[in-house]
Amino acid sequence: MVYSDSDLIKMCREDMIQLPTRSRLHWFKLLQVKHRELESVIHDMAHLIDPDIETRIISLIGMTGIGKTTMARQIINTMLKNYWGDSIKPNDIPYIFVPAPANGEKSFSWGNFYTRALRSANEILIDKKVQDANSEGVSKILKSHRSTVVAMREALESLIIHRNVRVLAIDEATHMLRFDHYAAVMDTIKSLGDIHNVKILLIGSYDLFDLVTDYGQTARRGEILHYKRYHENNDEYDDKAEFKAIIEKLQHKWPCNDIPNFAAISDELMQATLGSVGILKALMLSSLKLQLSSKNESWRPEHLKKASKSVKMLNKIRIETEHGEEKIAGACYGESFFSGNDFFSRISQKMGAAR
Amino acid sequence: MSDDYYFDVVSSYGNPSILHPLEPKNIGESTIESLAGYIVRLARAHHISTKNLMVNIIHPAVDQEKSWADSAYATIPLHPGSRTEKWTNVLNQLTGGQKLERCTLVWMQDVIAPQKLISKSQRYCPQCVISCADNGIELFDQLMWRIELVLACPLHKVRLRTATCGAAPAAKSAGLNRRSSAGHCRQCGIKAYRCDTSASEEATKSEVWAASQIADLIKHGASGGILNKNDFIKGMKKVADDICQGYLVRLAKKCGLPKSQTWRWVNDTNSTISLTALLQICSAVHCSLLSLLTGNPTYEPKTDFVRYCNQTHSPLQLKHVEALLRSELKKDAETAALANIAKKLGVTTRSLRDTFPELAARVVKKSTHDRLAAKKLARQRDEEECANLCRLLLEKNLTLTLNNAAKIVGKKWTKNSRMGTIFLRQRMDILDGKM
């Protein structure tokens, strides 16, 4: 029997153990845990996507595989429901998620992008869009055999207005901005954000940082949200303990009778995953697959060899991530003029005294 | 599942409607938008042509097999009836429940007959559209303008115009597809029909009265009201009691309506009454239309209602028709027959006679005179030609036969043909020595 996602998410671990291997694996894939960094990003995001906040372009940046896309796909709808549930009407589409296309062309294809955006909002007859030209009191419908880029852009603008779209998320936004004329791309994105106060959420790895910070408008009307990984040597928080708690949570839902004690090797797992929850999840999923295909579904520590990333690959990711973190430091949301520890305590004291 | 977990399943907001949840204009007002205009606006909101919206989305949803034709815009049902009910139900579903039945006359289906209720031509009040355009309000098509009996705007007291381009032929090619923009000329694309620069015509008192009565009725439907046959029967009986001592026959006579028909309207719960007959009753007994239909007739000052000819709403503006008739009268060449002029305008001869009785009579007189004169001239020419032919045959010492005539003319006339008859008559005259 094949179970749908909606059936699977209703089941608990005890029910799950009775199910076939494939369903168990899929259930564990769908399962996500809440953790400190995720909660922090959600909290900041909830503040920034408020229509009354001036910020128009939000860039969600983080290391590869940390779970940015999962977060954007899943959480924002829930967030909108929780924060603006009352003001959102049944026929509204408050959130559009568009994966930016990378189709091997030498320039970015806006036609492709608008098509994806319209498709993700279930817009009708995307290939039959017509441009509506009104000038000097004369209305014209410019006919074409297939939808033009202008026609699709107008259709997207109309959709944003009529469906009360609050957030337009563009995943892998680096694909859009890697060409020389990225300022023109950013101009177009910004102008989308000007329609009906829609917030543009750009999602990408650290490459995105260079591109968005070079654009003046982003500096003025944008914010960068850093989805951080967990560090072994974090002065502010006990990241090791938090990472261990995440492992325990995932371990608690392990859909096999033989549960491996991942929590015991939490420090090693933190190193092997560079503190990324996304990579940890991938490692555990791969381990589960190996365990489910082994005899009697018994766990063996050898599974970890194949489940974790190779050392070279991991080093490559580490170098890129460390470089990115260094670059992004001081540019993210919350790292403002008032955020220096000594300075902040002085300010707090002053304000307390004034009161 | 505890709060520590969540699932990576994209959640969506309920089940959004397939089409944009566009609200109809002026819900609850007498100026409510028509369903036809709403569909045009909806297509515009989706940036697709009205044709594509109809053919690909609406027609499959209402199981309509009829293919798209040029007149499809006019075939969006507005009249009271089951087809309109089906369309509004389907469109309500597609747009997420926008109360679109109010944009049609489906709410009066128990009482009012659908025949000849909706005008075939698209009309507008020139002052309403101009004021909307000047105030930056999006133009739309009012349901009231679609009713055949509404000839005037009750607000501006001017005659409605048919949506026909008044621009010069050269300017008309600028428009590409006008079907998709409400309030714009369908031919040249000018906003608020500014291509028609003619002055607004003042409506008669009768026209304004009828339009106001219908406007009140539309407002009732636009606010969610439904006409009920029992209320109408109650209203009719009350009027008969108040005015004619309870006798329906007397009421029918007073209103100039057939007695048997009036009896059926009141006693047969399945019968429906025409809007024209209703206005005749209201005019005769001086009561308001809405109050009669809702069972509580209220009486008002006398207004003479003139029953209109059904063809008054020709697809062309009255001024243009008048100008055409006058130009025919001024023509030096033969005036076209009234039937041909009517055919050219797409109306009936009767409607031209009813609308412009004096002008139409003059056109008929002149065209008859011109036709007779032309006929006389042609006959003279033929006589002359035959006489010349006879002379030529005699000069050549040939007998005056049709065969010999054919040798000279090059074609054979039969003895019953017009030329043959003239030739043979002239031959007889020559033989008798008359020529």
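In this predicted model, helices H15(B) and H17(B) cross with a right-handed sense. H15 spans residues 357-395 of chain B and H17 spans residues 418-431, and their axes come within 9 Å at a crossing angle of roughly 55°. The two helices are therefore oblique to each other. On the H15(B) side the contact is made by Arg379(B), Asp382(B), Glu383(B), Glu385(B), Cys386(B), Ala387(B), Leu389(B), Cys390(B), Leu393(B) and Leu394(B). H17(B) contributes Arg418(B), Met419(B), Ile422(B), Phe423(B), Arg425(B), Gln426(B) and Ile430(B).

Two further helix pairs of chain B can be set beside this one.

| Helix pair | Axis distance | Angle |
|---|---|---|
| H15(B) and H17(B) | within 9 Å | roughly 55° |
| H8(B) and H10(B) | 9 Å | about 95° |
| H7(B) and H9(B) | within 8 Å | roughly 130° |

H8(B), residues 248-255, packs on H10(B), residues 275-285, at an angle of about 95°, and the two are therefore roughly perpendicular. Leu251(B), Lys254(B) and Cys255(B) of H8(B) meet Gln280(B), Ile281(B), Ala284(B) and Val285(B) of H10(B).

H7(B) covers residues 229-244 and H9(B) covers residues 259-267, with axes that cross at roughly 130°. That angle makes H7(B) oblique to H9(B). The residues that meet here are Lys229(B), Phe232(B), Ile233(B), Met236(B) and Lys237(B) from H7(B), and Thr262(B), Trp265(B) and Val266(B) from H9(B).

**The N-terminal part of chain B**

Helix H2(B) runs from residue 50 to residue 61, and its buried residues are Thr50(B), Asn52(B), Leu53(B), Met54(B), Ile57(B), Ile58(B) and His59(B). These buried residues pack against helix H1 (35-45) and helix H3 (82-94) of chain B. An α-helix has 3.6 residues a turn, so residues three or four places apart point the same way.

Residues with positive phi occur on both sides of H2(B). His47(B) sits in the loop between H1 and H2 of chain B and has a phi near 55°, positive although the residue is not glycine. With a relative accessibility of 9%, His47(B) counts as buried. After H2(B) comes Asp63(B), which also has a positive phi, near 55°. Further along, Lys116(B) lies in the loop between H3 and strand E2 (123-124) of chain B. The phi of Lys116(B) is near 55°, again a positive value in a residue other than glycine. Lys116(B) has a relative accessible area of 62% and is exposed, whereas His47(B) is buried. Most residues other than glycine have a negative phi.

Lys25(B) belongs to the loop between strand E1 (5-7) and H1 of chain B. Leaving aside residues up to four places away in sequence, Lys25(B) touches Ile32(B), Glu33(B), Arg41(B), Glu138(B) and Phe140(B). Of these contacts, Glu138(B) is 113 residues from Lys25(B) along the chain, with a C-alpha separation of 9.2 Å.

**Helix H7 of chain A**

H7(A) consists of residues 149-162, 14 in number, and reaches 20 Å from its first C-alpha to its last, close to the 20 Å expected at 1.5 Å a residue. Buried positions in H7(A) are Ala151(A), Met152(A), Arg153(A), Glu154(A), Ala155(A), Leu156(A), Ser158(A), Leu159(A) and Ile160(A). Asn164(A), which follows the helix, has a positive phi near 50°.

Val149(A) is also part of H7(A) and, at 40% relative accessibility, counts as partly exposed. Beyond residues up to four places away in sequence, Val149(A) touches Trp110(A), Gly111(A) and Tyr114(A). The C-alpha atoms of Val149(A) and Tyr114(A) lie 7.7 Å apart, across 35 residues of sequence.

**The two chains as wholes**

Chain A contains 17 helices and 8 strands, and chain B contains 17 helices and 3 strands. Chain A has 355 residues, 49% of them buried; chain B has 435, and 50% count as buried. For contacts between residues at least 6 apart in sequence, pairs at least 24 apart make up 72% in chain A and 67% in chain B. The accessible surface is about 17800 Å² for chain A, with 49% belonging to carbon and sulfur atoms. For chain B the surface comes to about 21300 Å², with 51% from carbon and sulfur.

Key
Residues are numbered from 1 along each chain as its sequence is written. Chains are lettered from A and ligands numbered from 1 in the order in which they are written. This is a predicted model: local features need pLDDT of at least 70, side-chain atom pairs count only at pLDDT 80 or more; totals for chains, interfaces and linings use all residues. Side-chain values use heavy atoms; hydrogens and water are left out. Helices (H or I, at least four residues) and strands (E, at least two) are DSSP runs, numbered from the N terminus. The expected span of a helix is 1.5 Å times one less than its number of residues. Buried means under 20% relative accessible area, exposed over 50%, partly exposed in between (1.4 Å probe, protein chains only). Contact means heavy atoms within 4.5 Å. Accessible areas come from the Shrake-Rupley method with a 1.4 Å probe; for residues, only the protein chains shown count as cover. Axes are lines fitted to C-alpha atoms, for helices over the stretch in contact, and angles run from 0 to 180 degrees between N-to-C directions. Angles under 35 degrees count as roughly parallel, over 145 as roughly antiparallel, 65 to 115 as roughly perpendicular and the rest as oblique. A crossing is left-handed if the near helix is turned anticlockwise from the far one by less than a right angle, and right-handed if clockwise.
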